[in-house]
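Take a look at the chain below. This report walks through its interior, its hollows and some of its helices.

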Amino acid sequence: MEDTKIFLSEKELPEAWFNIIPRLPNPPAPPLNPKTGKPVKPEELRPIFPQALIEQEMSQDPWIEIPEEVKAVYKLWRPTPLHRARNLEKALKTPARIYFKNESVSPPGSHKPNTAVAQAYYNKKEGIKRLATETGAGQWGSALSFACKLFGLECTVYMVKISYYQKPMRKSLMHIWGAEVYPSPTDRTEAGRKILKENPNTNGSLGIAISEAVEDAVTHEDTNYALGSVLNHVLLHQTIIGLETKKQLDLIGEKPDVLIGCVGGGSNFAGFAFPFIGDILEGKLSAEVIAVEPTSCPTLTKGVYQYDYGDTVGLTPLLLMYTLGHTFEPPGIHAGGLRYHGDAPLLCQLVKDGIIKAKAYPQTSCFEAAVLFARTEGIIPAPETSHAIKAAIDEAIKCKETGEEKVIVFNFSGHGHFDLVAYDAYLEGKLEDYDYPEEKIKEALAHLPKFPTGI
Ligand SMILES: *Cc1c(COP(=O)(O)O)cnc(C)c1O
């Protein structure tokens, strides 16, 4: 029998990240300064990002070399295995062959350290002493804490207050990796103090936590800000996932027919899919590429393609993307990492151009898929990841009906070991599905920035 896991040796770790920008059919729309409506100038980003990352954000180079120091850290868990999901195939009685790229084997348990490590490295190299960031459920905060510790940087995490108290385990990870973690809003920043004065019992929000982290970075010379998704340089660092997957499929002589990933801000999906999309754009590969999101936060499937703020408060540059409106607050589904009002501009552009398809699923159907996966393949998926699994299962069932032996490959973005409370709720039948929040989306779309719209 053929192998169940396909490994690469450390020597086969990719040497460079893949930049999709120079291969796009249309050039990407620039981020705009919300005050002037003009494209953001690189120097406007200097107070919060190191020069190397600003250059990567706008780079036209097709490949960007991965520094030796970053590769050395990647080797703590990379290259990650590609698995053939034979037990799942059997359970589904599908003629399809299902593979998944296992990003859950990293120390923090998801794909997020692929960029956290790179960001910590470039900041350290440019003399920065500390990184400030926000985190919701704690996945990004724990990945950045881990990365900062390995490069000798301090790390300050503003964690949304309600998660800080409801999800204490990820906070423990951050503490073990040496970060300072504060329930946001705090009295450490102007933004936090203002909110606390207005509403001392607030639960906090990702938007407020972003404002605090950015303010911390702007007001301290030795401190920068780090973001875990959406931006071009984050997607770039994540392409290590897709580059390895391509090598692994080549090793066993497989070509993907369907590529699937879940989308919160778009980083694991893009990192997995962009190297394949490069081949699709060059006519070397023909495959369906599917981005999966929750029905309760249907950015790609129900949003509008327009310039909007990246954060809830309205501080960041305007990005051209599918958006539900920056004031949209999605229902409290358990896939916390998928509750974002917008998506990465590069990903949105490829959806707009028809190269990527988007699909949405309600959370109980995703938990059902996750439990089937755990009971066949053994690994317990993160609630975010379960969206990709659900879509892969649906594709495999379609193959059963048509008899097609398709090769379905999805990205397993992370494990769910810190999400067991959500699994309990599902197993006890207490998990709700939310209807498509049409009224709330309509209201949020009415708050889109009025200007500039002419694109
Ligand atoms: C953060 C997270 C996501 C969503 O973020 P993307 O930037 O869309 O990848 C998905 N899966 C896991 C496990 C995560 O931690």
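The text below moves from the cores to the empty spaces, then to two helices and a loop.

This is a predicted model, in which local features need pLDDT of at least 70 and side-chain atom pairs count only at pLDDT 80 or more, while totals for chains, interfaces and linings use all residues. Residues are numbered from 1 along each chain as its sequence is written, and side-chain values use heavy atoms, with hydrogens and water left out.

**Cores**

In soluble globular proteins, nonpolar side chains tend to be buried together. A nonpolar core here is a set of buried Ala, Val, Leu, Ile, Met, Phe, Trp, Tyr and Cys residues joined through side-chain atoms within 4.5 Å. Buried means under 20% relative accessible area, exposed over 50%, and partly exposed in between, with a 1.4 Å probe and protein chains only.

The largest nonpolar core has 78 residues. Trp17, Tyr74, Val117, Phe274 and Ile356 touch the most other members. Helix 11 (residues 267–281) gives the most to this core, with 8 residues. Another core lies apart from it. That one has 29 residues, among them Ala85, Leu92, Leu338 and Tyr361. Helices (H or I, at least four residues) and strands (E, at least two) are DSSP runs, numbered from the N terminus.

What is Val117 in contact with, leaving aside its neighbours within four places in sequence? The partners are Val70, Val73, Tyr74, Trp77, Phe146, Ala147 and Phe151. Contact means heavy atoms within 4.5 Å.

**Cavities and a pocket**

Rolling a probe the size of a water molecule over the atoms shows where empty space is left. The search uses a 1 Å grid over the protein atoms alone. A cavity is a set of points where a 1.4 Å probe fits but cannot get out. A pocket is an open set with protein on both sides within 12 Å along at least five of seven lines. Lining residues have an atom within 4 Å of a point. Grid points are joined across faces, edges and corners, and a volume is the space filled by probe spheres set on the points.

The structure holds 2 cavities of 30 Å³ or more. The table sets them beside the second largest pocket.

| Space | Volume | Lining by class |
|---|---|---|
| Largest cavity | about 60 Å³ | 7 nonpolar, 3 polar, no charged |
| Second largest cavity | about 30 Å³ | 3 nonpolar, 3 polar, 2 charged |
| Second largest pocket | about 180 Å³ | 6 nonpolar, 3 polar, 3 charged |

Ala, Val, Leu, Ile, Met, Phe, Trp, Tyr, Cys and Pro count as nonpolar, Asp, Glu, Lys and Arg as charged, and the others, Gly among them, as polar.

Residues lining the largest cavity include Phe18, Asn19, Gln56 and Phe274. Helix 10 (residues 232–251) provides the largest share of that lining, 3 residues. Around the second largest cavity are Thr295, Ser296, Ile333, Pro362, Gln363, Glu432, Asp433 and Tyr434. The lining of the second largest pocket includes Arg46, Phe49, Glu126 and His220. Helix 9 (206–219) and strand 9 (223–225) each supply at least two residues of this lining.

**Helices 14 and 15**

Helix 14 (residues 363–376) has 14 residues. Its first and last C-alpha are 20 Å apart, close to the 20 Å expected at 1.5 Å a residue. The expected span is 1.5 Å times one less than the number of residues. Among its buried residues are Gln363, Cys366, Phe367 and Phe373. The buried residues of helix 14 pack against several elements, including helix 3 (86–92), strand 5 (97–102) and helix 15. Gly378 follows helix 14, and its phi is positive, near 95°.

Helix 15 (residues 385–402) has 18 residues and reaches 26 Å, close to the 26 Å expected. Gly403 follows helix 15, with a positive phi near 80°.

Two residues of helix 15 deserve a look. Ser386 is in helix 15. Ser386 has a relative accessible area of 1%, so it is buried. Not counting residues up to four places away in sequence, Ser386 touches Cys366, Phe367, Ala369 and Ala370. Glu395 is also in helix 15. Glu395 counts as buried because its relative accessibility is 2%. With the same sequence exclusion, up to four places, Glu395 touches Val258, Ile260, Glu288, Ile290, Lys359 and Ile408.

**A loop residue**

Is Glu254 buried or exposed? At 10% relative accessibility, Glu254 counts as buried. Glu254 sits in the loop between helix 10 and strand 10 (258–262). Glu254 and His220 are 34 residues apart in sequence and 51 Å apart in space, C-alpha to C-alpha.
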